[in-house]
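Please look over the sequence and the model before reading on. The paragraphs below go from the whole chain to its strands, one helix, the nonpolar cores and the aromatic rings.

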Amino acid sequence: MFAAQRIVSALLTKGRVTIASLACTLALVLSAAAHAEPVPDLFPFEVSYGASMEKGISLNGSARRILTSQGNDVWLYRTEVKSFIADLDESLILKWEEGQVIPLRYRYSLSGFLIKDRKQSIDFDWKAGIATGKYKSKDFEIELEKGILDPLGFQVQLHQDILNGKREMEYQVLDRGKIDSERFAVVNDDAALSDDSQSSLLKAEKVREDSKRETLMWFDPDKNFVLVRLIQVEPDGSEYKLELKNVDLGG
């Protein structure tokens with residue numbers, strides 16, 4: 001029992017990936033479902049995935065993303081992750097304006113087995129040019145610049161940019177009281193998900209420098225560019241996966 005607890009605890013330490021953190025950090029375009037038209041607009045949807053982790057022991061869970069219109073170009077984007085070791089609830093209220101995500105209110109809550117509860121909140125005051133928030137019970141304040149996104153908003157923006165034909169993207173993301181650059185690139189527009197797949201898939205990756213961690217994503221144009229699979233390979237060879245289960249497009 002104590003050995004098992006140490007294994008699970010090690011998986012949840014800083015710098016490692018859990019199913020919950022994988023889903024929130026790597027799920028990227030769980031929102032990826034749209035019409036293949038230039039400058040596509042947002043539309044409501046619900047997408048669900050199976051999540052798995054292989055690291056000596058097998059752990060399985062599920063992830064769900066929902067985008068709903070609140071009227072007046074305001075949207076609610078929410079992710080829920082449930083697994084044996086952790087549950088995550090993450091949400092964003094955003095404004096969609098001229099093809100750009102403008103984050104307004106971000107909330108994050110993680111809790112689970114043998115881990116400390118974690119919460120983060122960010123409120124964006126674009127008129128004042130200030131974002132205020134709290135992470136690990138510590139308050140922070142950041143001066144805003146045009147284009148700054150949050151941990152969920154950049155996922156929506158990435159999806160829209162890919163649909164508009166961009167193949168290299170970089171975003172400034174406010175998370176945990178600091179702003180970091182997140183880079184992505186499409187590496188193959190004709191990649192197969194598996195040897196048995198008959199579809200041509202768009203393959204993308206998260207660009208990292210001086211890191212042995214690898215994150216790959218596959219999108220299916222035959223399914224309106226839904227993200228059908230995501231794999232992250234850790235430096236020690238461990239794999240973390242998301243596999244599409246269901247998609248319900250609104251419109």
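A residue is called buried here when its relative accessible area is under 20%, and exposed when that area is over 50%; partly exposed lies in between. The model is predicted. With that cut-off, 45% of the 251 residues of the protein chain count as buried. The secondary structure comes to three helices and 14 strands. About 13,000 Å² of the protein chain is exposed, and carbon and sulfur atoms supply 46% of that area. Among contacts between residues at least 6 apart in sequence, 42% join residues at least 24 apart.

Two hairpins in succession can be followed from strand β3 onward. Strand β3 covers residues 74-83, and seven of its ten residues are buried, so the strand is largely enclosed by the rest of the structure. Its partner is strand β4, residues 86-97; the two run antiparallel and are joined by nine bridges. V74 has K95 of β4 as its bridge partner, while E80 stands opposite D89 of β4. Two residues lie between β3 and β4 in this hairpin.

Strand β4 also pairs with strand β5, residues 100-112, again antiparallel, through twelve bridges. Here E90 stands opposite Y108 in β5. These strands form a hairpin as well, with two residues between them, and E98 in the turn has a positive phi of about 55 degrees.

Now turn to helix α3. How many of the eleven residues of helix α3 are buried? Eleven of the eleven are, so the helix, residues 153-163, is largely enclosed by the rest of the structure. The buried set includes polar residues by name, among them Q155, Q157, H159, Q160 and D161. Just after the helix, G165 takes a positive phi of about 95 degrees.

Q157 gives a closer view of how this helix is placed. Q157 belongs to α3 and has a relative accessibility of 2%, so it counts as buried. Its side chain reaches the backbone oxygen of G99 at 3.2 Å. Leaving aside neighbours within four places in sequence, Q157 is in contact with W96, G99, Q100, V101, L149 and Y171. Strand β4 spans residues 86-97 and strand β5 spans residues 100-112, which places W96 in β4 and Q100 and V101 in β5.

The largest nonpolar core has 52 residues, and those with the most contacts inside it are Y77, L94, Y171 and L174. Leaving aside neighbours within four places in sequence, L174 is in contact with I122, F124, A131, F140, I142, I148, L149, D150, P151 and I179. Another core, of five residues, lies apart from the largest one; L201, W218, V228 and I231 are among its members.

What aromatic pairs does the model contain? A search of the whole structure finds four. The rings of F124 and W126 have their centres 6.1 Å apart and their planes at 10 degrees, so this pair is stacked. The two residues differ in cover: F124, at 8% relative accessibility, counts as buried, whereas W126, at 30%, counts as partly exposed. In a second pair, F154 and Y171, the ring centres are 6.5 Å apart and the planes are at 40 degrees, so the pair is tilted. F154 lies in helix α3 and Y171 in strand β9, residues 168-175, so the pair ties together parts that are 17 residues apart in sequence. Both F154 and Y171 are buried, and together with F184 they form one aromatic cluster.

Two further positions show residues from separate parts of the sequence brought together in space. A63, in strand β2 (residues 57-71), counts as buried at 1% relative accessibility. A63 and E243 are 180 residues apart in sequence, and their C-alpha atoms are 9.6 Å apart. S200 sits in the loop between β10 (178-191) and β11 (201-207). With a relative accessible area of 38%, S200 is partly exposed. Its C-alpha atom is separated by 8.3 Å from that of D222, which is 22 residues away along the chain.

Definitions and conventions: Residues are numbered from 1 along each chain as its sequence is written. This is a predicted model: local features need pLDDT of at least 70, side-chain atom pairs count only at pLDDT 80 or more; totals for chains, interfaces and linings use all residues. Side-chain values use heavy atoms; hydrogens and water are left out. Buried means under 20% relative accessible area, exposed over 50%, partly exposed in between (1.4 Å probe, protein chains only). Helices (H or I, at least four residues) and strands (E, at least two) are DSSP runs, numbered from the N terminus. Two strands pair if DSSP finds at least two bridges between them. Contact means heavy atoms within 4.5 Å. Accessible areas come from the Shrake-Rupley method with a 1.4 Å probe; for residues, only the protein chains shown count as cover. A nonpolar core is a set of buried Ala, Val, Leu, Ile, Met, Phe, Trp, Tyr and Cys residues joined through side-chain atoms within 4.5 Å. A polar contact is a pair of N or O atoms within 3.5 Å; within protein, one must be able to donate a hydrogen and the other to accept it, and residues adjacent in sequence count only if both atoms are side-chain atoms. Rings of Phe, Tyr and Trp (its six-membered ring) pair if their centres lie within 6.5 Å; planes under 30 degrees apart count as stacked, over 60 as edge-to-face and the rest as tilted.
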